Amino acid sequence: MNIKIPDLNVKKLVKEASSQISSNFSRVVQLTEEKLGTSERTEFDTHFENLAERSDCTKTWTEKLLKDVESVLTPNPGYRVEDFIFERIEKKKPNRLSNFEYLGLDMIEAGGDFGQDGAYGKTLIKTGQAQQKLGSCERDFIGAAGMCYIQPLRKFIDGEMKTITKEKGILETKRLDLDACKSRVRKARSMLGQQAAERDLRVAQSEFDRQAEITKLLLEGIGTTQSDHLRHLHAFVETQVRYYAQCYKIMNDLQRELASLGGPQQYVPVGLDNEETNANTTNNIDVNSGNGYRRARVLCSYDAKDGTELSLTSNEVIFVTECVPPHADYMHGKQGLLRGLVPKAFLEILDD
């Protein structure tokens, strides 16, 4: 069997490679001369520079906040690396037991060995069961925080911010080409050389102006990013409030139960008085009560029509309750500290 090998134009490949190397070297020299002040450069207007600076600041702090929140939710750096790899190869992350769940399992097993009829064994089992509940709450918290905060921020960094960075890089290349053309015009010695250099300059100026306009439009869009990130931050805070309220209730219920077993200490609520405890439990935990809020996942993004509505992002989880009086098409929604109407058609109710 004869295999036909395509003809390779070696001379053409070598010529193109040499041209690319020469072009890169020229730009390195040009950038060096600009930094040394021996070469002029085209400057952007103040408004553009302010937009670029705000973009860089947004990118830097969003990346830092994203990294910090991921560290809080997954303290083990090895797990973070493993999750990152699984995410990149689009495989499902492994189901791991949390430290609370490991502790709970060992306490329950130890209580069984010590004897569940004895005070110590029985207390170990009760405490282990509480630790497992804490682990389950932690798992729900990590999932909810990832959906309402980490995913939108990562989508911004990997999407919009990556596009802006790419276009800024193209603009910098166009600027270097423009300044190189200006330099050739100044150095031209013959009439023909002058005309050719001026023609190249007009083309370079046109390409630079077009790319500057594209980049400027993208940079101006950063202004709406902060309002979006503000909504995600409110949702993250709401998720934390719910999580810590659940943990507080679990531990106080455990303390009360251990006191009823005749332990060495009487039950004393920790942190909040009874009135505050009941208020927090009602507002943050019992979301299935008749007049309370229920969780709902947003099926697709929705832009608020006016100040009475909430803007929604696909896959985020919010809290909703029926309007008073009930409305056929809308529910009352809660996004962190924000309140407003949300269309029912865009929601999937998670709590029955």
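A residue counts as buried when its relative accessible area is under 20%, as exposed when that value is over 50%, and as partly exposed in between. In this predicted model, asparagine 315 has a relative accessibility of 38% and therefore counts as partly exposed. Asparagine 315 sits in the loop between strand E1 (294-298) and strand E2, and its backbone has a positive phi of about 80 degrees although the residue is not a glycine.

A second backbone feature is found in the loop between strand E2 (317-321) and strand E3 (330-335), where proline 325 lies. The peptide bond that leads from valine 324 to proline 325 is cis, with omega near -5 degrees.

**Overall architecture**

The protein chain holds 8 helices and 5 strands, and from the N terminus on its elements run α-α-α-α-α-α-α-α-β-β-β-β-β. Of its 352 residues, 31% count as buried, while about 22,800 Å² of the protein chain is exposed, with carbon and sulfur atoms supplying 55% of that area. Among the contacts with a separation of 6 or more, residues 24 or more positions apart account for 66%.

**Nonpolar cores**

In soluble globular proteins, nonpolar side chains tend to be buried together. The largest nonpolar core of this model has 18 residues, of which Val69, Leu73, Phe141, Tyr149 and Phe236 touch the most other members. Two or more residues of this core come from each of helix H2 (46-73), helix H5 (119-187) and helix H7, and H5 gives the most, with 9 residues. Leaving aside residues up to four places away in sequence, valine 69 touches Tyr149, Ile150 and Phe236. Another core, of 16 residues, lies apart from the one just described, and its members include Phe44, Phe156, Ile157 and Met161.

**A nonpolar patch at the surface**

Leu230, Leu233, Val237 and Val241 together make a nonpolar surface patch of about 300 Å². Leucine 230, one of these residues, lies in helix H7 (residues 222-260). Is leucine 230 buried, partly exposed or exposed? With a relative accessibility of 46%, a value that falls between the limits of 20% and 50%, leucine 230 counts as partly exposed.

The two residues whose accessibility is discussed above are set side by side here.

| Residue | Relative accessibility | Class |
|---|---|---|
| Leucine 230 | 46% | partly exposed |
| Asparagine 315 | 38% | partly exposed |

How values were computed
Residues are numbered from 1 along each chain as its sequence is written. This is a predicted model: local features need pLDDT of at least 70, side-chain atom pairs count only at pLDDT 80 or more; totals for chains, interfaces and linings use all residues. Side-chain values use heavy atoms; hydrogens and water are left out. Patches are made of residues with over 30% relative accessible area and no salt bridge: like charges are joined within 9 Å, nonpolar side chains (Val, Leu, Ile, Met, Phe, Trp, Tyr) within 5 Å. Accessible areas come from the Shrake-Rupley method with a 1.4 Å probe; for residues, only the protein chains shown count as cover. A salt bridge is a side-chain nitrogen of Lys or Arg within 4 Å of a carboxyl oxygen of Asp or Glu. Helices (H or I, at least four residues) and strands (E, at least two) are DSSP runs, numbered from the N terminus. Buried means under 20% relative accessible area, exposed over 50%, partly exposed in between (1.4 Å probe, protein chains only). Contact means heavy atoms within 4.5 Å. A nonpolar core is a set of buried Ala, Val, Leu, Ile, Met, Phe, Trp, Tyr and Cys residues joined through side-chain atoms within 4.5 Å.
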